[in-house]
Amino acid sequence: MITIKKPKLLYEKLVEGVQKARQLNRPIIVSMASKVANEDALAFFSVCNNKIDTRTFWADPKRELILIGISSEVSLEASGINRFSELNSEWKNLTKGAIIVSDESIPATGPTILGGFSFDPLKEKTELWRSFPDAKLILPKYMLTIYKGTASLTTNFLLSETDNPSEIAEKSERERKSLFHPKTAREEMKCSSFIKEEINPQSWIKTVEKTTEEIKKHKLKKVVLARELRLFSNTPFSPEMTLQRLLDEQTSSFVFAFENGGDCFIGATPERLAKREYDHILFTCLAGSMKRGETNEEDEQLGNYLLHDHKNRYEHQLVVDMITEVAQHMCQDVEVPDGPTLFKSRHIQHLFTPISARATHHSLLSIIEAMHPTPALGGYPKNVGVEKIRHIEELDRGWYAAPIGWLDYQGNGEFAAAIRSALLQGNEASLFAGVGLVADSDPMSEYEETLIKFKPMLSALGEEKHD
């Protein structure tokens with residue numbers, strides 16, 4: 001049974017919020033957080049199915065921090081090339097003067113927004129990403145934060161001078177009773193049976209060949225080319241079932257879901273962009289890939305090959321150099337290891353270099369803007385790579401390979417690159433995978449690499465259940 005703050009305190013803060021909105025002549029956020037019984041994160045996410053069209057889910061790789069947002073109290077949206085700075089300014093203005101009852105022992109309580117950005121706001125839009133604009137960050141009405149086993153529930157209100165505190169408090173109490181009742185054990189959800197359709201694979205391979213030839217002529221050093229795999233199911237794909245499998249199978253990755261308008265963008269990405277915890281910034285360089293071995297011996301051999309392969313080391317170093325440059329420009333006390341190690345997930349292993357730094361006056365969103373897209377996601381040089389992708393890639397990437405994450409009212413937060421992901425749309429789903437092309441890339445090897453990168457989402461959607 002969830003325990004919440006006494007309604008009296010809620011009412012008092014709502015009265016204070018309405019009075020402040022009247023004084024300042026603008027809306028005011030009131031945010032109330034309180035510890036609750038240790039909740040099952042997926043049960044909390046699932047209980048709102050078919051009731052709410054906006055849900056968010058975020059879990060870090062260690063599962064120390066899990067965020068589940070239900071409904072939207074405020075939706076910040078922007079388009080065009082200034083979307084990062086616009087949302088950063090909107091969020092600062094929105095939280096200015098907010099009335100907050102938070103729990104300092106638990107991060108991401110109090111006003112916290114979750115969402116993401118599109119890869120390229122200048123790319124021609126398609127109907128595929130109709131529910132996901134160039135930039136969207138949501139302040140949930142209700143957000144469950146689970147940190148190292150301790151749970152807290154944050155309720156957010158955006159109040160105007162004409163709102164009635166008594167009515168709002170009563171409505172909130174009714175909603176919480178309906179949404180947060182004791183949960184029964186989750187039943188085993190059946191996987192959908194589906195067929196797969198590769199979208200223009202031969203055309204994609206020819207584009208790889210042509211692009212590699214251009215790189216050899218030194219027109220650019222690297223470009224990431226992505227492609228799409230479309231699934232058709234006999235039943236609707238389940239975000240809940242997919243999340244469960246991702247949490248079970250992708251134990252070293254971020255797990256995320258952003259549901260809006262009946263569509264759900266979901267995945268498990270190993271690639272952190274940047275994390276800010278007060279004055280500490282952590283970056284992740286992840287580029288260069290190899291499949292996992294069938295045995296420990298084979299896996300070790302493949303890992304050693306990856307560590308010493310010229311093509312993959314070159315591709316990885318481009319990412320390290322670019323992120324180091326951003327860190328040195330926007331942070332202090334930057335620390336970069338001498339060389340990469342291996343990052344291993346269930347289906348694939350990568351070259352991995354962490355970079356740490358100390359924050360200055362730059363916000364997390366401004367750092368993410370400077371980084372996006374890294375050479376692991378776009379190309380190098382950055383602007384040349386993005387422009388190349390815009391013209392040669394048939395795929396509308398939408399939010400794929402773009403920043404997703406969360407940001408709180410104190411400027412803390414974490415963003416990752418939305419790879420190893422799928423867009424669920426009822427009985428259909430689109431999966432995305434990309435590869436980094438350099439001068440010595442082999443088109444068929446790159447094609448095979450995309451097949452490996454499709455595996456995490458195929459498995460999460462149930463392929464192994466019916467193969």
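Which residue in the turn of the β12–β13 hairpin has a positive phi? It is Tyr278, with a phi of about 60 degrees, and two residues separate the two strands. Welcome to a short tour of this predicted model, in which local features need pLDDT of at least 70, side-chain atom pairs count only at pLDDT 80 or more, and totals for chains, interfaces and linings use all residues. Residues are numbered from 1 along each chain as its sequence is written, and side-chain values use heavy atoms, with hydrogens and water left out.

**Strand β13 and its partners**

- Helices (H or I, at least four residues) and strands (E, at least two) are DSSP runs, numbered from the N terminus.
- Strand β13 covers residues 280–291, and nine of its twelve residues are buried, so the rest of the structure largely encloses it; buried here means under 20% relative accessible area, exposed over 50% and partly exposed in between, with a 1.4 Å probe and protein chains only.
- On one side of the pairing list is β12 (residues 272–277), which runs antiparallel to β13 over four bridges; two strands pair if DSSP finds at least two bridges between them.
- Within that hairpin, Lys275 sits opposite Leu282 of β13.
- β13 also pairs with β16 (residues 348–359), again in the antiparallel sense, over ten bridges, and His280 has Arg358 in β16 as its bridge partner.

**Cysteines**

- The whole structure holds zero disulfides, a disulfide being a pair of cysteine sulfur atoms within 2.5 Å.
- Cys285 is in no disulfide, and its nearest cysteine sulfur, that of Cys331, is 13 Å away, which is too far for a bond.
- Both residues are buried: Cys285 has 0% relative accessibility, and Cys331 has a relative accessible area of 7%.

**Cavities**

- There are four cavities of 30 Å³ or more; a cavity is a set of points on a 1 Å grid over the protein atoms alone where a 1.4 Å probe fits but cannot get out, and lining residues have an atom within 4 Å of a point.
- The largest cavity has about 240 Å³ of space, where a volume is the space filled by probe spheres set on the points.
- Its lining has 25 residues, and Ala376, Ile419, Arg420, Gly434 and Lys453 lie nearest the centre.
- Strand β13 is among the elements that give two or more residues to this lining, along with β9 (222–233), α8 (310–330), β21 (428–437) and α11 (443–460).
- By class, the lining of the largest cavity has eleven nonpolar, six polar and eight charged residues; Ala, Val, Leu, Ile, Met, Phe, Trp, Tyr, Cys and Pro count as nonpolar, Asp, Glu, Lys and Arg as charged, and the others, Gly among them, as polar.
- The second largest cavity has a volume of about 70 Å³, and residues including Phe132, Phe258 and Trp399 line it.
- Strand β10 gives the most to that second lining, with three residues.

**Aromatic pairs**

- The model has 15 aromatic pairs; rings of Phe, Tyr and Trp (its six-membered ring) pair if their centres lie within 6.5 Å, and planes under 30 degrees apart count as stacked, over 60 as edge-to-face and the rest as tilted.
- Trp129 and Phe132 make an edge-to-face pair, 5.8 Å centre to centre with 80 degrees between the planes, and both are buried.
- Phe258 and Trp399 are edge-to-face too, because their centres are 5.9 Å apart and their planes are at 65 degrees.
- Phe258 lies in β10 and Trp399 in the loop between α10 (382–392) and β18 (403–408), so this pair ties together parts 141 residues apart in sequence.
- Ring pairs link these four residues with Phe256, Phe265, Tyr400 and Phe432 into a cluster that includes Trp129, Phe132, Phe258 and Trp399.

Methods. 1 Å grid on protein atoms, 1.4 Å probe; cavity = no way out; pocket = protein on both sides within 12 Å on 5 of 7 lines; lining within 4 Å.
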